[in-house]
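The following note is offered to a colleague who is examining the structure. The points are numbered for ease of reference.

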Amino acid sequence: MAEGGTTLEYTPTWVVAVVCTVFVVISLAVERFLHYLGKLLKKKNQKPLFEALQKIKEELMLLGFISLLLTVFQGRITSICISEKLANKWLPCKNKSDATGTAHFKAFFSFFPGGSARRLLAESSDSASSCSKGKVPILSTTALHHLHIFIFVLACVHVVFCALTILFGSAKIRQWKHWEDSVSNKEYDIEEAKSSKVTHVHDHDFIKNRFRGIGKNFYLMGWVHSFFKQFYGSINKSDYITLRLGFIMTHCRGNPKFNFHKYMMRALEADFKKVVGISWYLWIFVVVFLLLNVAGWHAYFWIAFIPFILLLAVGTKLEHIIIQLAHEVAEKHVAVEGDLVVQPSDDHFWFHRPRIVLILIHIILFQNSFELAFFFWIWVQYGFDSCIMGEVGYIIPRLIIGAFIQFVCSYSTLPLYAIVTQMGSSFKKAIFDEHIQEGLVGWAKQAKKKTVLRKAANGSSQVGHKEDSPGAVLLTKIGSERSTTEERKAGEISQENYP
């Protein structure tokens, strides 16, 4: 009983059974809920959302493993001792008397009967007694317990905020569906449209909104216009119709009635499974923030500006890409036959990679979730007046920035991402229906497998089987010729069209 409290040896069996039953029931209920939710998504052919659900399960498994490690190695961690001088450096709160310091631990646990806070502090004191004079445990039992809770809260808040962002962003994109219907319901032929009329470029609504006007044709003012445009009317009907036509003319010219809106929604759902996860570089950010959360530095306040600045930069860049598309047409043509068509290209994106935008949105959502999760965790765990919470003058701007990021990312940045990233040089596999995707992927894998077997056969025939008959060599050459075309097509599908 070195760690304090009563062990299982002297705990009533009915208490152990009741506690285990409660936690098992809760765990099974959550597992069944996720299972039936997955079956519902598969039944409705929502494979991207089902894969996102699987990603959430992976995150929960990771959290469970972290929880297991913290629990199993709790005794060993608290038995590691460091000097008091080293333990008093880089503290989140200024080191005062012990009574003042322990007051911050009572806010959360005071809700439970039995003095849980006092018990945990007693465990910390008992653990400290295992260290020699002048040394303290590297991490107390209480601190480990609170760190455990924080990691769980962070993951939950991140998943919830990502889901809300996708939900509100999708609601915004669905408002564009009547634009899609107004175009696709018309009897429309691309070749006939190109030859039947002449469009004066500078009189087109898309060019008027994106190219003409005071200062818009200057480079710097174009960026300024893009910055403010993301906050109001980021996408209008002329933008949608023009970008839609540019995509169809580039990637599916033979299908003028292609449902561009449905394709965008499928692509956004596929990207959701990447956004909802917590990548390794995001965990590095968590560690760095915990390192810099030193008293007087106000790191929690300054760190809030990172997602804020990134959000403004991403929104401005996406709007500027639309302006660049308009400039390319307006600077080359005065009038065009048929409808105005823009030319999608990866050259408009950072480092010629549209996927960078998704990575930045992932970072924005996670860092904003981290900020808000840290705030609510401190509030519940230690109380609003805790020294680790900071001054009110730093708290209010931080909450305003967090709410602003969540709102703008949901209703502006995410819809912009959904349509503008389709203006790259290649398309996503969401352009195909589900059964076609599976067929193409399976065909590509078979073609690559045949290529590997062919190369292995060629190598063995040249090195280890010089005595093979001419007929066998001839069959190998025929197989090589037949699989060459399959290899080339498989490479196109897996590399160019599936970015």
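1. Helix H14 is mostly covered in this predicted model: of its 16 residues, 12 are buried. They are Phe260, His261, Tyr263, Met264, Met265, Arg266, Ala267, Leu268, Glu269, Asp271, Phe272 and Val275. The list therefore includes charged residues such as Arg266, Glu269 and Asp271 beside nonpolar ones such as Phe260 and Leu268, each counted as buried because its relative accessible area is under 20%. From its first C-alpha to its last, H14 reaches 22 Å, close to the 22 Å expected at 1.5 Å a residue.

2. One of the buried residues of H14, Asp271, deserves separate mention. Its side chain meets that of Arg355 in a salt bridge, with an N to O distance of 3.3 Å. Arg355 belongs to helix H18 (residues 355–382) and Asp271 to helix H14 (residues 260–275), so the pair ties together parts that are 84 residues apart in sequence. The relative accessible area of Asp271 is 3%.

3. How many salt bridges does a search of the whole structure find? The search returns 5. Another of these joins the side chains of Glu180 and Arg244, at 3.1 Å from N to O. This pair likewise links distant parts of the chain: Glu180 is in helix H9 (residues 177–184) and Arg244 in helix H13 (residues 237–251), 64 residues apart. Both partners are buried, Glu180 with a relative accessible area of 2% and Arg244 at 4%.

4. The salt bridge between Arg32 and Glu31 has its closest N and O atoms 2.9 Å apart. Are these two residues buried or partly exposed? Arg32 is partly exposed, with a relative accessible area of 36%, and Glu31 is also partly exposed, at 36%. Side chains of opposite charge can pair when their charged atoms come close.

5. Helix H1 comprises 31 residues, which should span 45 Å at 1.5 Å a residue; its end C-alpha atoms are 44 Å apart, in agreement with that expectation. The buried residues of H1 are Leu34, Gly38 and Leu41. Just after this helix, Asn45 takes a positive phi of about 60 degrees.

6. A nonpolar patch on the surface is formed by Trp14, Val18, Val19, Val22, Phe23, Ile26 and Val30, with about 700 Å² of accessible area together. Trp14 lies in helix H1 (residues 13–43) and is exposed, with a relative accessible area of 60%. The patch should be read beside the UniProt record, an unreviewed entry, whose annotation "transmembrane region" covers residues 14–38, among other spans.

7. The full set of spans under that UniProt annotation is 14–38, 59–77, 147–168, 272–291, 297–315, 356–379 and 399–420. In the model, residues 14–38 are 100% helix and 0% strand, with their end C-alpha atoms 36 Å apart. Residues 356–379 are also 100% helix and 0% strand, and their end C-alpha atoms lie 35 Å apart.

8. The largest nonpolar core has 58 residues, of which Phe247 and Ile419 touch the most other members. Two or more residues each are given to this core by helix H2 (47–72), helix H8 (141–174), helix H11 (205–210), H13, H14, helix H17 (305–332), H18 and helix H19 (392–420). Which element gives the most to this core? The answer is H19, with 10 residues.

9. Thr413 lies in helix H19 and counts as buried, at 0% relative accessibility. The C-alpha atoms of Thr413 and Ile361 are separated by 8.5 Å, although the two residues are 52 residues apart along the chain.

10. Two loop residues merit a check of their backbone angles. Trp90, which is not a glycine, has a positive phi of about 55 degrees; this residue is found in the loop between helix H4 (84–87) and helix H5 (98–102). Phe351, also a residue other than glycine, has a positive phi near 55 degrees. Phe351 is found in the loop between strand E4 (335–337) and H18, and counts as exposed at 69% relative accessibility.

Definitions and conventions
Residues numbered from 1 in each chain as written. Predicted model: local features only at pLDDT ≥ 70, side-chain atom pairs only at ≥ 80, totals over all residues. Heavy atoms only, no water. Patch = residues over 30% accessible without salt bridge, like charges linked within 9 Å, V, L, I, M, F, W, Y side chains within 5 Å. Areas by Shrake-Rupley, 256 points an atom, 1.4 Å probe, with all protein chains shown as cover. Salt bridge = Lys/Arg side-chain N within 4 Å of Asp/Glu carboxyl O. Helix = DSSP H or I, 4+ residues; strand = E, 2+ residues; numbered from the N terminus. Buried < 20%, exposed > 50% of the residue type's maximum accessible area, 1.4 Å probe, protein only. Expected span 1.5 Å × (residues − 1). UniProt positions renumbered as here; feature names shortened; annotations may be inferred. Core = buried A, V, L, I, M, F, W, Y, C linked by side-chain atoms within 4.5 Å.
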